[in-house]
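Please open the model in your viewer and keep a selection panel at hand. The stops below are meant to be taken in order, with each selection left visible while the next one is added.

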Amino acid sequence: MEKPKNRVIIYSRVSTEKEEQQTSLDRQEQELKSMVEEKHWTLVHSIKEKASGYEIDREEMLTILDLAKEKAFDILLIQDETRLARGHARMALLYQLKKFGIHIFTLQNHEQLQLSEADEMVLSIVSIVEEYQRKLHNLKIRRGMKRAMADGYHPEQNFSSLGGGGRDRLDVPLQEIIRLRERGLAFYDISATLKGLGYNLSKATVHRRYQEYVKQKELESNARN
């Protein structure tokens, strides 16, 4: 079945919990729904939120970003640009939504949100920075792999999943963490090495699991003594 075009999420927001703001929130929602009907769009979700526009850590907005990443809708409809966000949060959300291919329409103008040249320039710069961060991250992973293999580490001998086995890639490979640590690798390089093998573990996770192992060995040693 072909997915419906112009799938819309409407987002209504007020900044305070005051009782009179509930009326504004409900009015926003009804006006946005009317525009959806007028445009003959498909309403996917209606999301309302009471939160400051300067905050990016908003539960409902984070839900919208998750849905955008999953390509669950095509258009985000808001009353006006300030309902999306203010300040630095505005640029951050504009960038994320643009990256996921979401079109932003406003009730205020009855058309797609038009960005200024300055906004377009900032989003372009952020995109370039993110791309180079991704390249640097991949280079660090390769560096970690090279260091480990130069020190005699051969992952094909230790990871059955590389050969199509049934090992769960989400498991934390504690024995490999121990093995790499004993070879003198820093926790960052261990994390980078394991990421290159498909284990998405942060430096903090690697460090925590290794410390748990060390503590357990100490407990066992003390029990024997």
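The tour goes from the sheet to a group of charged side chains, then to a buried region, and ends with two loop residues and a pair in a helix.

Bear in mind throughout that this is a predicted model.

**The sheet and helix H1**

Begin by colouring the strands, of which 5 form an open sheet with mixed pairing, in the order E2-E1-E3-E4-E5. Strands E2 and E5 (111-112) stand at the edges with a single partner strand each, so one side of each is left without a neighbour in the sheet. Zoom in on E5 and on strand E4 (residues 103-106), which pair in the antiparallel sense over 2 bridges, and select Phe-105 to find Gln-112 of E5 standing opposite. Now add helix H1, which packs on the sheet and touches E1 (7-14), E2, E3, E4 and E5, while its direction makes about 160° with that of E1.

**Charged side chains between H1 and E2**

A search of the whole structure finds 9 salt bridges, and the next selection shows some of them. Select Lys-48 and Asp-26, whose closest N and O atoms are 3.0 Å apart in a salt bridge; because Lys-48 lies in strand E2 and Asp-26 in helix H1, the pair ties together parts that are 22 residues apart in sequence. Lys-48 counts as partly exposed at 31% relative accessibility, and Asp-26 likewise counts as partly exposed, at 30%. Add Glu-29, which forms a salt bridge with Lys-48 at 3.4 Å between the closest N and O atoms; this pair again links distant parts of the chain, with Glu-29 in helix H1 and Lys-48 in strand E2, 19 residues apart. Glu-29 counts as buried, at 11% relative accessibility. Include Lys-33 to complete the view, since Asp-26, Glu-29, Lys-33 and Lys-48 are linked in a network of salt bridges.

**Leu-84 and Arg-58**

Move next to Leu-84, found in helix H3 (residues 81-84) and buried with a relative accessible area of 0%. Beyond its neighbours within four places in sequence, Leu-84 is in contact with several residues, among them Tyr-11, Met-61, Leu-76, Ile-78 and Ile-104. Leu-94 is also among these contacts, and its C-alpha atom is separated by 8.7 Å from that of Leu-84, 10 residues apart along the chain.

Another contact of Leu-84 is Arg-58, which is found in the loop between E2 and H2. Which side chain of opposite charge is nearest to Arg-58? It is Glu-49, 4.3 Å away, and Arg-58 is buried yet has no salt bridge; the cut-off for such a bridge is 4 Å. The side chain of Arg-58 does reach the backbone oxygen of Ser-52, at 3.5 Å, and Arg-58 is also in contact with residues including Arg-13, Arg-83 and Leu-93.

**Two loop residues, and a pair in H6**

Select His-40 in the loop between helix H1 (19-39) and strand E2 (42-50), where phi is near 60°, a positive value in a residue other than glycine. His-40 is exposed, with a relative accessible area of 71%. Then select Lys-71, in the loop between helix H2 (59-69) and strand E3 (75-78), which has a positive phi of about 60° although it is not a glycine, and which counts as exposed at 52% relative accessibility.

Finish with Glu-176 and Arg-179, which form a salt bridge with the closest N and O atoms 3.0 Å apart. Being 3 residues apart in helix H6 (residues 174-182), they are separated by about one helical turn. Glu-176 counts as buried at 5% relative accessibility, whereas Arg-179 is partly exposed, with a relative accessible area of 32%.

Note on methods: Residues numbered from 1 in each chain as written. Predicted model: local features only at pLDDT ≥ 70, side-chain atom pairs only at ≥ 80, totals over all residues. Heavy atoms only, no water. Helix = DSSP H or I, 4+ residues; strand = E, 2+ residues; numbered from the N terminus. Buried < 20%, exposed > 50% of the residue type's maximum accessible area, 1.4 Å probe, protein only. Contact = heavy atoms within 4.5 Å. Lys, Arg positive; Asp, Glu negative; His and termini not counted. Polar contact = N/O pair within 3.5 Å; in protein donor to acceptor, adjacent residues only side chain to side chain. Pairing = 2+ DSSP bridges. Axes fitted to C-alpha atoms, helices over the stretch in contact; angles between N-to-C directions.
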